[in-house]
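Student: I am new to this structure and would like a close look at a single part. Could you walk me through the charged side chains and how they pair up?

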Amino acid sequence: MRDDRPVNLRDILRVAPGGRVDLGAIDPAGTPGLPKKAGKEPKVWTRRELESIGTDLASHQERLYAGAKAGHSRRRLLLVLQAMDCGGKDGTTKKVAGTMNPQGLHIVSFGKPSPEELAHDFLWRVRAALPIAGYVGVFNRSHYEDVLVARVHELVAPAVWRERYEKINQFERDLTRNGTTIVKVMLHISFEEQRARIEQRLDDPTKHWKYNPADVDERGYWTEYQEAYQDALTECSTDYAPWYVVPANRKWYRDWAVATLLREAFADLRLTYPEGDFDVAAERRRLAASTSPAKHRVTRR
Ligand code: AMP
Ligand code: MG
């Protein structure tokens, strides 16, 4: 559906809190919310648009960082990326987070938990990985693995993963109350698209490092994963930390959509630059007076 009204992509892609998501009904090749002006070559348009959205993201991020640096703000933003294998988490991180200043980014990938991590509560490693005030955090996989892979592979009993939904909601509620804006995105690809992407990795020797034979085993659990995703998205899409399902077969739509969701979330924060705590005119005079290297200490503050 394309029209010319300025869309709020969050309204289009959000999993309605209290509603039930049906992933089977969401076309992974779709482009919901893409405006009419994207025209006949939406790939060209979205790629160009991503550059300008990226400039905005960098500007919002700088104000976020500046506010924390000046001690005025405890705000931070956390992008949570979840997807099936080859769903595009790495590509999205590179293309979307890559538009911002690396100095203000905190990017964390979650793999199989270490023995030490397993000895703690599942949220322990997640708490330790949260962005500090002023930072934009990106979670490449997240605490949701503990209701996805943990469920599909029966790493814990059903009663254990079931009660994690509420623990996650509680955790995210606390985070948002303490100044974290959470943007949770599921990159939704099709079974066929995953096959094609795994095949590309096999075809290209420069992509062999990304190939993991276990991905083909995991593919055998596709249906179980989709069910686990549906339940997680349904149980944990809240008004304070909603889930967004981004159709991700088309990388250009995926990047545009995730960048747009972030820009919308940032815009809500209405971040401004902190005011300096000095007298600009007085500083100008001091600067003007420092005319020679030998005498630059003449005027004191
Ligand atoms: P990759 O993203 O390709 O580096 O793979 C990371 C792997 O770690 C995936 O197979 C995930 O399923 C696995 N993983 C991530 N978090 C957990 C978790 N909490 N429990 C078990 N496996 C996990
Ligand atoms: Mg992998």
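Tutor: Happy to; here is a walk through the salt bridges, followed by a charged patch and a strand.

Please keep in mind that this is a predicted model. In it, the count of salt bridges comes to 18.

Let us start with Asp-255 and Arg-47, which form a salt bridge whose closest N and O atoms are 2.9 Å apart. This pair ties together distant parts of the chain: Asp-255 lies in helix α11 (residues 251-269) and Arg-47 in helix α2 (residues 42-69), with their positions 208 residues apart in numbering. The two ends have their own surroundings. Asp-255 has 0% relative accessibility, so it counts as buried, the cut-off being under 20%. Arg-47, at 26% relative accessibility, counts as partly exposed.

Next come Asp-231 and Arg-151, a salt bridge with its closest N and O atoms 2.8 Å apart. Here too distant parts of the chain are linked, since Asp-231 belongs to helix α10 (residues 222-235) and Arg-151 to helix α6 (residues 149-152), 80 residues apart. Asp-231 and Arg-151 are both buried. Elsewhere, salt bridges with shared partners join Arg-10, Glu-264 and Asp-268 into one network.

Another pair to find is Arg-141 with Glu-145, where the closest N and O atoms of the salt bridge are 3.0 Å apart. Arg-141 is partly exposed at 22% relative accessibility, while Glu-145 is buried at 10%.

Now for charges that gather in a patch. Lys-43, Lys-94, Lys-95, Lys-210 and Lys-251 form a positive surface patch. One of them, Lys-95, sits in helix α3 (residues 89-96). Lys-95 has a relative accessible area of 37%, so it counts as partly exposed.

For a contrast with that patch, turn to strand β1 (residues 76-83). In β1, 8 of the 8 residues are buried, so the strand is largely enclosed by the rest of the structure. Both of its faces are covered: Arg-76, Leu-78, Val-80 and Gln-82 are buried on one side, and Leu-77, Leu-79, Leu-81 and Ala-83 on the other. β1 also has strand partners. With strand β4 (residues 180-188) it pairs in the parallel sense over 8 bridges, and Ala-83 has Leu-187 as its bridge partner in β4. Strand β3 (residues 136-140) runs parallel to β1 as well, joined to it by 5 bridges; there, Val-80 stands opposite Phe-139.

Terms used:
Residues are numbered from 1 along each chain as its sequence is written. Chains are lettered from A and ligands numbered from 1 in the order in which they are written. This is a predicted model: local features need pLDDT of at least 70, side-chain atom pairs count only at pLDDT 80 or more; totals for chains, interfaces and linings use all residues. Side-chain values use heavy atoms; hydrogens and water are left out. A salt bridge is a side-chain nitrogen of Lys or Arg within 4 Å of a carboxyl oxygen of Asp or Glu. Helices (H or I, at least four residues) and strands (E, at least two) are DSSP runs, numbered from the N terminus. Buried means under 20% relative accessible area, exposed over 50%, partly exposed in between (1.4 Å probe, protein chains only). Patches are made of residues with over 30% relative accessible area and no salt bridge: like charges are joined within 9 Å, nonpolar side chains (Val, Leu, Ile, Met, Phe, Trp, Tyr) within 5 Å. Accessible areas come from the Shrake-Rupley method with a 1.4 Å probe; for residues, only the protein chains shown count as cover. Lys and Arg count as positive and Asp and Glu as negative; His and the chain ends are not counted. The place of a charge is taken as NZ of Lys, CZ of Arg, CG of Asp or CD of Glu. Two strands pair if DSSP finds at least two bridges between them.
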